[in-house]
Amino acid sequence: MDRNSDTHPDVSGLKINDLVSYLRRNQWRAVSTRNKRLLLFHGPDDDDGNPVELVLTADDRFRDAPRSLSQAIDLLAAVQQRSRSSVIDSILFRDKDVVNARILGESAESGSIPLPVAQSVLEHLRSNLSYAARLEERPDPFFPGVSKQAKQFVGRCRFGQTFMGSFGFRIEIPLPAPIPVREADATGLSQFPLFESGEIVPAVPLERKVALRFFRGLSRVRDSVEKDDVNILLTGYGDGFNGNVYENLEGILLEFPWMEFMYSMTWSPDWPVPSDVDPVSEIPIRRSTLRYVKTAARELRRVVQPEETEIGGRIVQLKAETVPEDDDDWDLETSECTVVIRRDEPGEKPSRVTTHLSPDDYKKACDAHKEGRTVRVKGRLDKPGKSWILQQPTDFMVE
């Protein structure tokens, strides 16, 4: 039993072999020593040109193993100019990328937040990751909903242990083991692509692509604020965020104006991180971000006009404080003839869709509601927030 584990609680989950594997992957060289109870490694050169030395106990069962691990983490943090927690995460999370979201603000200073706030924040994180996954299928400036594949991706993600100091969420994105993929060369022969170092390049999995998109999207939000340039957001949906994500960010900032997020990523060392990604950067999302994401969401939504579709179902809600005598007095923008249809189509998840009808069609809807009959209507189906809306309704009919 580790008698000193309580003295170094943040390394209690680490093993000597975990750290040795990490050192070897990061080009630290094992050096022989006469003391069989110790492991010695040489790392990068210090300011005097001498290799940095790192010493570990050789076995987790040794009494001073926790202290040895803790000192090694301190040394790595200093050499890599990172925090202790960041180094520990890199060692532990070899087979996953991790989204870290720290919440700052008065309500989080105690190390806890109200349960409804936590639930809402998790829902926003889940939505943004599903949007990022959907964008990997096709980078549209805006789309009405996420695909089955995007939902399946989010289903594979894990909610990790929260961390202290402010309050933090950790979303783990499991990664498959790297498997090389053959590419045909100019002669038509199948070859493994290589890095400049000669190492085989593995095929990048969807999980890593989504994590990179998520980080690049956050980076562009930060750059947009720092450079006071919303165009950075409007042109970046090819490999970053789109209007759906910006709309979601706008929602959380409006819902909790006291809240400030600090995002960072812990990258799996099994997969190389592209040169344009800062592996240790922490990105703020705060109140000053609001006007940029709000503008981007509105502008990108305008780019895409929803396709016309037909929906059917039963009317579950009617609202009309005043109904004009005829269609000539009806204005789509100010209409109070509102109906909510419970859409129930084969192969589709039941949903509630709101639309505004002409006076004549509204009267038909009232009759259909009284008689329990289904209706059908055409229009442009959109989801600007959490609710479905059928815009420009036409061809309303009672079945």
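Two strands are taken to pair if DSSP finds at least two bridges between them, and in this predicted model an open sheet of three strands follows the order β1-β2-β3 with antiparallel pairing. Elsewhere, five strands close into a barrel whose pairing is mixed. The largest nonpolar core holds 52 residues, and another core, of 20 residues, lies apart from it.

**The open sheet**

- The edge strands of the three-stranded sheet are β1 (29-31) and β3 (51-57), each of which pairs on one side only, and the twist from one strand to the next averages 35°.
- Strand β2, made of residues 38-45, runs antiparallel to β3 and is joined to it by six bridges; F41 has L54 of β3 as its bridge partner, while D45 has P51 of β3 as its partner.
- The hairpin of β2 and β3 has five residues between the strands, and G49 in this hairpin takes a positive phi near 85°.

**Helices on the open sheet**

- Helix α1, residues 16-25, packs on the sheet and touches β2 and β3, with a direction that makes about 160° with that of β3.
- Helix α2, residues 65-80, lies across β2 and β3 and likewise runs at about 160° to β3.
- Two packed helices are described by the angle between their axes and the distance between the axes.
- For α1 and α2 the packing angle is about 25° and the axes are 11 Å apart; because angles under 35 degrees count as roughly parallel, the two helices are therefore roughly parallel to each other.
- The crossing in which α1 passes α2 is left-handed, and the residues that meet there are I16, L19, Y22 and L23 from α1 and L69, A72, L76 and Q80 from α2.

**Helix α3 and its surroundings**

- In helix α3, which spans residues 84-92, the buried residues are S86, V87, I88, D89, S90 and I91.
- These buried residues of α3 pack against helices α1 and α2, and also against the strands β4 (96-104), β7 (167-174) and β10 (260-266).

**The barrel**

- The five strands of the barrel come in the order β12-β13-β14-β16-β15, and neighbouring strands of this sheet are turned by 55° against each other on average, with direction ignored.
- Strand β12 (residues 308-319) and strand β15 (residues 374-382) run antiparallel and are joined by seven bridges; G313 has V375 of β15 as its bridge partner.
- Helix α10, residues 359-371, packs on this sheet, where it touches β12, β13 (338-343), β15 and β16 (388-398), and its direction makes about 70° with that of β12.

**Nonpolar cores**

- Within the largest nonpolar core, of 52 residues, the members that touch the most other members are I103, V121, F169, Y246 and Y263.
- Helix α4, residues 115-137, gives the most to this core, contributing nine residues.
- When neighbours within four places in sequence are left aside, V121 is in contact with I103, F169, I252, M259 and F261.
- The other core, of 20 residues, lies apart from the largest one and has L14, V20, L54 and I88 among its members; of these, L54 is the bridge partner of F41 in the open sheet, and I88 is one of the buried residues of α3.

Methods:
Residues are numbered from 1 along each chain as its sequence is written. This is a predicted model: local features need pLDDT of at least 70, side-chain atom pairs count only at pLDDT 80 or more; totals for chains, interfaces and linings use all residues. Side-chain values use heavy atoms; hydrogens and water are left out. Helices (H or I, at least four residues) and strands (E, at least two) are DSSP runs, numbered from the N terminus. Axes are lines fitted to C-alpha atoms, for helices over the stretch in contact, and angles run from 0 to 180 degrees between N-to-C directions. Contact means heavy atoms within 4.5 Å. A nonpolar core is a set of buried Ala, Val, Leu, Ile, Met, Phe, Trp, Tyr and Cys residues joined through side-chain atoms within 4.5 Å. Buried means under 20% relative accessible area, exposed over 50%, partly exposed in between (1.4 Å probe, protein chains only). Angles under 35 degrees count as roughly parallel, over 145 as roughly antiparallel, 65 to 115 as roughly perpendicular and the rest as oblique. A crossing is left-handed if the near helix is turned anticlockwise from the far one by less than a right angle, and right-handed if clockwise.
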